[in-house]
Amino acid sequence: MSDRLLTWEEAVRWLKAQPDRQALVQHCYYDDPLQAAAERFSRSQEWQALAQLLKAHLPGEVLDLGAGRGISSYAFAKAGYSVTALEPDPSNLVGVGAIRSLIESSHLPIQIVQNYGEALPFEDGTFNVVYGRAVLHHAQALKQLCQESARVLKPGGMFIATREHVLSKKSDLQQFLDAHPLHFLYGGENAYLLSEYKTAIQAAGLKLRRTMGPLDNVINYSPMTRAEFQTEVATALSRHVGKYLGSWLANQQIVQQGYGRYRSLRSHTPGRLYSFLAVKP
């Protein structure tokens, strides 16, 4: 392999060709056929949890920021939303070309706009929901991206950014980049402090309703399932209170929430995942 950095498409193509990385390929929904991957996402616990958060806005107009292969756009469209997929990359594997092929195979009504999120080509107050999955940490201008998202939201509309990489301190960034499975190939990863995300969202005029840590919600800890998380809680508690009581406690939702919150607050892993839910007043 040369010293030249690859494009994002080339990096993903490399990942797909590695026999020992196929689990990661599936977890990232890079596997083929694309519609089968999108269908799997639409049936995932991550999507089900997201849909529950957004149910008050169905039906509605959704802007899918940085739509990538279009798996989220597919899930929104299948759920009855009117979807606009915003994606700057023309790639047939991880960009506009892939979304176009997904539309052709699924016949779902998804509109594609090839553009960046920092300058959205839409009128003020166009959308009920602005959503981005692992998008904010790629922003060239985080505050501007949040301001544009707020501008195109209708009053009462919801902004939700999921699976964003978070640092405890700026000096942790290199550790995160060194551990990322694709950054060494294409050099495009980034992460922000938790406070930087919150400040950017609130400075855009959005009211931050929820900040979800790594183990607060399956949206962040997927592909681990809720059942697997419950097993982790039971194992941890059993060490202190015994197997029977630990299993019983782990079956209680309030205990799971408390454990997830506790572990999220104590985690300082560089690049851990957070999600943000905000409303336009």
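A disulfide is counted here as a pair of cysteine sulfur atoms within 2.5 Å. By this rule the count comes to 0 disulfides. The structure before you is a predicted model, in which local features need pLDDT of at least 70 and side-chain atom pairs count only at pLDDT 80 or more, while totals for chains, interfaces and linings use all residues. Residues are numbered from 1 along each chain as its sequence is written, and side-chain values use heavy atoms, with hydrogens and water left out.

Two cysteines may be mentioned for their accessibility, where buried means under 20% relative accessible area, exposed over 50%, and partly exposed in between, with a 1.4 Å probe and protein chains only. Cys28 is partly exposed at 29%, whereas Cys146 is buried at 0%.

Let me turn to the chain as a whole. Its secondary structure comes to 14 helices and 8 strands; these are DSSP runs numbered from the N terminus, helices being H or I of at least four residues and strands E of at least two. The radius of gyration is 19 Å, close to the 19 Å that the globule rule gives for 281 residues, so the chain is as compact as a globular protein of that length. That radius is taken over C-alpha atoms, and the rule is 2.2 Å times the number of residues to the power 0.38. The C-alpha trace spans about 55 × 50 × 40 Å along its principal axes. Of the 281 residues, 51% are buried. With contact meaning heavy atoms within 4.5 Å, residues 24 or more positions apart account for 72% of the contacts with a separation of 6 or more.

I come next to a parallel pair of strands, where pairing requires that DSSP finds at least two bridges between them. Strand S2, residues 82–86, runs parallel to strand S3, residues 110–113, and 4 bridges join them. Within this pair, Ala85 stands opposite Ile112 of S3. Between the two strands the chain passes through helix H6, residues 96–106, in a right-handed β-α-β crossover. Right-handed signifies that, with the strands pointing away from the viewer, the path from the first strand over the helix to the second runs clockwise.

Which elements do the buried residues of H6 pack against? They pack against helix H3 (34–42), helix H5 (71–78), S2 and S3. The buried positions of H6 are Val96, Gly97, Ala98, Ile99, Leu102, Ile103 and Ser106. After the helix comes His107, with a positive phi near 60°.

The aromatic residues deserve separate treatment. Rings of Phe, Tyr and Trp (its six-membered ring) pair if their centres lie within 6.5 Å; planes under 30 degrees apart count as stacked, over 60 as edge-to-face and the rest as tilted. The structure holds 14 such pairs. In one of them, the ring centres of Trp8 and Tyr30 are 6.2 Å apart and the planes stand at 75°, so the arrangement is edge-to-face. Because Trp8 belongs to helix H1 (residues 8–16) and Tyr30 to the loop between helix H2 (22–27) and H3, this pair ties together parts 22 residues apart in sequence. Trp8 is partly exposed at 24%, while Tyr30 is buried at 12%.

Tyr29 and Phe41 are also edge-to-face, at 5.3 Å centre to centre and 85° between the planes. Tyr29 lies in the loop between H2 and H3 and Phe41 in H3, so the pair links parts 12 residues apart in sequence. Tyr29 is buried at 7%, and Phe41 is buried at 0%. Both residues belong to one aromatic cluster with Trp47, Phe76, Tyr81 and Tyr131.

Finally, consider strand S8, residues 272–279. How many of its 8 residues are buried? The count is 8 of the 8, so the strand is largely enclosed by the rest of the structure. In a regular strand the side chains alternate between the two faces of the sheet. In S8, Arg272, Tyr274, Phe276 and Ala278 point one way, and Leu273, Ser275, Leu277 and Val279 the other. S8 pairs in the antiparallel sense with strand S5 (residues 153–167) over 7 bridges, and Met158 has Val279 as its bridge partner. Strand S7 (residues 207–212) also pairs with S8 in the antiparallel sense, over 5 bridges; here the bridge partner of Thr211 is Phe276.
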